[in-house]
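Take a walk through this model, one site at a time. Keep the sequence and the coordinates open side by side.

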Amino acid sequence: MVEGALNVGLIGLGTVGSQVAERMLTGQPQLARRAGIDLCLRRVLVRDPQKQRAVAIKAGKHVVTANKVVMAKHGPELLELAVERNVDVYFEAAVGGGIPLISTFRTDLQANRIERVSAVINGTTNYVLGRMATGGLSLLDAVREAQAAGFAEADPSDDVDGLDAAYKLAILGSIAYEIKIRPDEVFREGIEGIEPVDFRYARELGYAIKLIAHTQRHPGRVEARVHPAMIALDHPLAQVEGANNGVFLEGDLVGQVLLVGQGAGGRPTASAVVGDLIDLARSIRRGVQSRPSFSLDDRIGVIPMGEVVTRAYYRVRADDRTGVVAAVGQVFAEEGVSISSFIQKDAWVEEQTAELVVTTHPASDASLQRARDRIGQLEAVRAVSSFVRVF
Ligand SMILES: NC(=O)c1ccc[n+]([C@@H]2O[C@H](COP(=O)([O-])OP(=O)(O)OC[C@H]3O[C@@H](n4cnc5c(N)ncnc54)[C@H](OP(=O)(O)O)[C@@H]3O)[C@@H](O)[C@H]2O)c1
């Protein structure tokens, strides 16, 4: 027997909203038992440009949202406003769909100092890169296939250019370190430059290629970057297949933790939204907020990408003649970049060109990028066809 009710207004009844409504309508007794009060879906709002809308938090309402763009861009202000108005904002579904991430940081790992978080956090690009790797498809064909399979939107540009992953990393990093990371502070490169041959070379070198969102703590500052990366085949994130997401984190007490699952879709995302609703209802019934409120330190900044130390892979199309290897090596030496492997791959006899594949030891990203630009300008070099960081 439960007493009382939490009245819920649902804005949007699309992929996620319709699954939330379905679970609230069909799973009512079970949800009420878990929450300790009834969860009543009172209102559903769909698009109507004529209609005035109340701003939820200011009207003293708790908010449960799946909207990553709003949380990435305005999360810190919304969370501060929520504290001011004594309401709560839940946003588990905004990152990683059904994978429990926000609550993991906020409650289960709150005894830890989080040192780093690396993630495959965009299912569309993971599916696309996977098909390029296994099927040899071009980027365009792999995107078309992802659209046909329902894993990519009609306009997938926010996924392909890494923006969606940058929004999610801004949220994850902010919560993990309790600092303010704005999406425009996250270094971002999309997957447009990757070609099928890079997967073949990567595999020969012992790597997979993934779009990686990575953040790491340094004294007084953090790294925050999203870009395609070569990642060792035995790294847990290299095993995250298809449209799945994976988050690999390290805390000082817990050590390494891997969370993998469906990062999007109506049902997984509704799992997070309805879970938040139950948590909220429980807090209301008990008259206490079961989760600590946020206090985000704004003195900790993001390290400019040029200062980040990483490794890189270069694929260079150059004239197949003597002196070219020495000229390329000379640029690396002048930039203070130590070479890890240098291999001559396919040769085009008629054109008298060959492909050189170089991987480096760790160096500042600025040096790695300068080396790329300078190699591209060498007289014997036709193009630096690919530049991918090695994770
Ligand atoms: N789909 C996923 O896998 C996923 C995963 C994680 C997070 N999210 C987030 O969840 C949210 C919903 O995604 P979705 O995939 O369910 O989108 P969707 O299928 O496009 O549905 C959006 C819904 O919102 C309504 N809507 C749009 N603008 C509105 C407005 N100004 N006022 C009132 N209603 C409005 C639409 O109304 P009409 O039906 O009238 O157009 C529609 O019902 C987004 O913020 C998305 O980023 C989605």
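A residue counts as buried when its relative accessible area is under 20%, and as exposed when that value is over 50%. The model is predicted. Both cut-offs will be needed along the way.

Start with Asn122. Asn122 sits in the loop that links strand 5 (114-120) to helix 5 (123-135). Is Asn122 buried or exposed? Its relative accessible area is 3%. The limit for a buried residue is under 20%, so Asn122 is buried.

What does the side chain of Asn122 reach? One partner is the backbone nitrogen of Thr124, at 3.3 Å. Another is the side chain of Asp159, joined to that of Asn122 by a polar contact of 2.7 Å. Now set aside the neighbours within four places in sequence. Asn122 is then in contact with Asp159, Asp164, Ala165, Lys168 and Asn245.

Move on to the helices. Two packed helices are described by the angle between their axes and the distance between the axes. Helix 3 spans residues 68-84, and helix 8 spans residues 163-177. Their axes lie 9 Å apart, and the packing angle is about 55°. Angles under 35 degrees count as roughly parallel, and those from 65 to 115 as roughly perpendicular. The pair fits neither class, so helix 3 and helix 8 are oblique to each other. Their crossing is left-handed.

Which residues make this contact? Helix 3 supplies Lys68, Val69, Met71, Ala72 and Lys73. Helix 8 supplies Asp164, Tyr167, Lys168, Ala170 and Ile171. By class, the contact has six nonpolar and four charged residues, with no polar ones. Two of these names have come up before: Asp164 and Lys168 are also among the contacts of Asn122.

Now turn to a second helix pair. Helix 11 covers residues 324-334, and helix 12 covers residues 365-376. Their axes come within 9 Å and cross at roughly 150°. An angle over 145 degrees counts as roughly antiparallel, and helix 11 and helix 12 therefore fall in that class. Helix 11 passes helix 12 in a right-handed crossing.

The contact draws on Val328, Val331, Phe332 and Glu334 of helix 11. From helix 12 come Ala371, Arg374 and Ile375. These residues divide into five nonpolar and two charged, with no polar ones.

Next, look at the backbone. Most residues other than glycine have a negative phi. Asn86 has a positive phi, near 60°, and is not a glycine. Asn86 lies in the loop between helix 3 and strand 4 (89-90). Its relative accessible area is 60%. Exposed means over 50%, so Asn86 is exposed.

Gln352 also has a positive phi, of about 55°, although it is not a glycine. Where does Gln352 lie? Its place is in the loop between strand 13 (339-348) and strand 14 (353-360). With a relative accessible area of 56%, Gln352 is exposed.

Finish at Asp234. This residue is found in the loop between strand 8 (221-232) and strand 9 (244-251). Asp234 has a relative accessibility of 69% and therefore counts as exposed. In sequence, Asp234 and Leu129 are 105 residues apart. In space, they are 17 Å apart, C-alpha to C-alpha.

Conventions. Residues numbered from 1 in each chain as written. Predicted model: local features only at pLDDT ≥ 70, side-chain atom pairs only at ≥ 80, totals over all residues. Heavy atoms only, no water. Helix = DSSP H or I, 4+ residues; strand = E, 2+ residues; numbered from the N terminus. Buried < 20%, exposed > 50% of the residue type's maximum accessible area, 1.4 Å probe, protein only. Polar contact = N/O pair within 3.5 Å; in protein donor to acceptor, adjacent residues only side chain to side chain. Contact = heavy atoms within 4.5 Å. Axes fitted to C-alpha atoms, helices over the stretch in contact; angles between N-to-C directions. Left-handed = near helix turned anticlockwise from the far one by under 90°. Nonpolar A, V, L, I, M, F, W, Y, C, P; charged D, E, K, R; others polar.
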